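Here's a casual walk through one protein chain, going from a pocket to the core and then out to a few odd spots in the backbone. Have the viewer open while you read.

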Amino acid sequence: MQSSLRTLLAGILDYAGLFPPARLPLDQAVRQYASYLDNSDRWMLGRFVCPAERLGELGPYVPLLFATGSPLCLTVVGRGGKGIPELLAGVRADVQAITAFQDRHKPYAEIQAYEARLPNSIFAGEDLERARQLLDEIAGTLDAAAYPPLTPYFEPALGPAWHATVW
């Protein structure tokens, strides 16, 4: 394989064993991820994907599986919310879980990214400037809590007529 292709594909596959289609139990998923880090194809492996509300369950595995060798790199999936107040409450709870996890498990684990689903109301019934301000507020909350800073990703809930609500 050419080095340019290997560089392009490095870390491209996040491991989401807790989610469909695999839906593995946490114990099995994290152990499988750790075993993949010892594989010769580990260069393709990205982060372990874990819901924010399950970080506490994941904690005991960090010293067991990641105290030597590669650290546990994570993408945390946030709670999201059906409306803006619920989304903000979820982000605050996620930030508490992220901070507690990082305080306990640094340097053997590192949360690098945060994903949350946005409520439909951000695009329907609210102006896009308010939506931008809200996302800036959320990103600022995450930046203030994270060390090293993590990258937030937000997923709009797009239904079959999504273009009608956005444009």
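Which strand gives the most to the lining of the largest pocket? That's strand E1 (residues 13-15), with three residues. Before going on, some ground rules: this is a predicted model, where local features need pLDDT of at least 70, side-chain atom pairs count only at pLDDT 80 or more, and totals for chains, interfaces and linings use all residues. Residues are numbered from 1 along each chain as its sequence is written, and side-chain values use heavy atoms, with hydrogens and water left out.

**The pocket**

The largest pocket holds about 160 Å³ of space. The lining is made up of Leu13, Asp14, Tyr15, Tyr36, Asn39, Asp41, Arg42, Met44 and Leu45. By type, that's five nonpolar, one polar and three charged residues. Here Ala, Val, Leu, Ile, Met, Phe, Trp, Tyr, Cys and Pro count as nonpolar, Asp, Glu, Lys and Arg as charged, and the others, Gly among them, as polar.

As for the terms, a pocket is an open set of points on a 1 Å grid over the protein atoms alone, where a 1.4 Å probe fits, with protein on both sides within 12 Å along at least five of seven lines; lining residues have an atom within 4 Å of a point. The volume is the space filled by probe spheres set on the points, which are joined across faces, edges and corners.

**The overall layout**

The chain has seven helices and five strands, and along the sequence they follow the pattern α-β-α-β-α-α-β-α-β-α-β-α. These are DSSP runs numbered from the N terminus: helices are H or I with at least four residues, strands are E with at least two. Of the chain's 167 residues, 37% count as buried, meaning under 20% relative accessible area; exposed is over 50%, and partly exposed is in between (1.4 Å probe, protein chains only).

Among contacts (heavy atoms within 4.5 Å) between residues at least 6 apart in sequence, 76% join residues at least 24 apart. The chain exposes about 9400 Å², and carbon and sulfur atoms supply 56% of that; the area comes from the Shrake-Rupley method with a 1.4 Å probe.

**The core**

The largest nonpolar core has 36 residues, and those with the most contacts inside it are Tyr33, Phe48, Leu55, Leu58, Leu72, Leu74 and Phe101. Helix H5 (84-105) is among the elements that each supply at least two of its residues, alongside others including helix H2 (26-36), strand E2 (45-51) and helix H6 (128-145). H5 gives the most to this core, with eight residues. A core of this kind is a set of buried Ala, Val, Leu, Ile, Met, Phe, Trp, Tyr and Cys residues joined through side-chain atoms within 4.5 Å.

Leu58 is a handy one to click on: leaving aside neighbours within four places in sequence, Leu58 is in contact with Leu26, Val30, Phe48, Cys50, Leu72, Leu74 and Phe101.

**Four residues up close**

| Residue | Element | Relative accessibility |
|---|---|---|
| Thr75 | strand E3 (residues 72-77) | 1%, buried |
| Gly46 | strand E2 | 12%, buried |
| His105 | helix H5 | 10%, buried |
| Arg104 | helix H5 | 57%, exposed |

What does Thr75 touch, not counting residues up to four places away in sequence? The list is Asp14, Arg47, Phe48, Val49, Cys50, Ala113 and Glu115. Gly46, with the same kind of neighbours left aside, is in contact with Gly11, Leu13, Asp14 and Tyr33. The C-alpha atoms of Gly46 and Thr75 are separated by 9.2 Å, though the two are 29 residues apart along the chain.

Over on H5, His105 touches Gly59, Val62 and Pro63, again not counting residues up to four places away. Arg104 and Val62 are 42 residues apart along the chain, with 9.7 Å between their C-alpha atoms.

**Backbone oddities**

A cis peptide bond joins Pro20 and Pro21, with omega about 10°, and Pro21 lies in the loop between E1 and H2. The bond from Lys106 to Pro107 is cis too, with omega near 10°; Pro107 is in the loop between H5 and E4.

Arg23 is in the loop between E1 and H2 and has a positive phi of about 50°, although it is not a glycine. At 60% relative accessibility, Arg23 counts as exposed.
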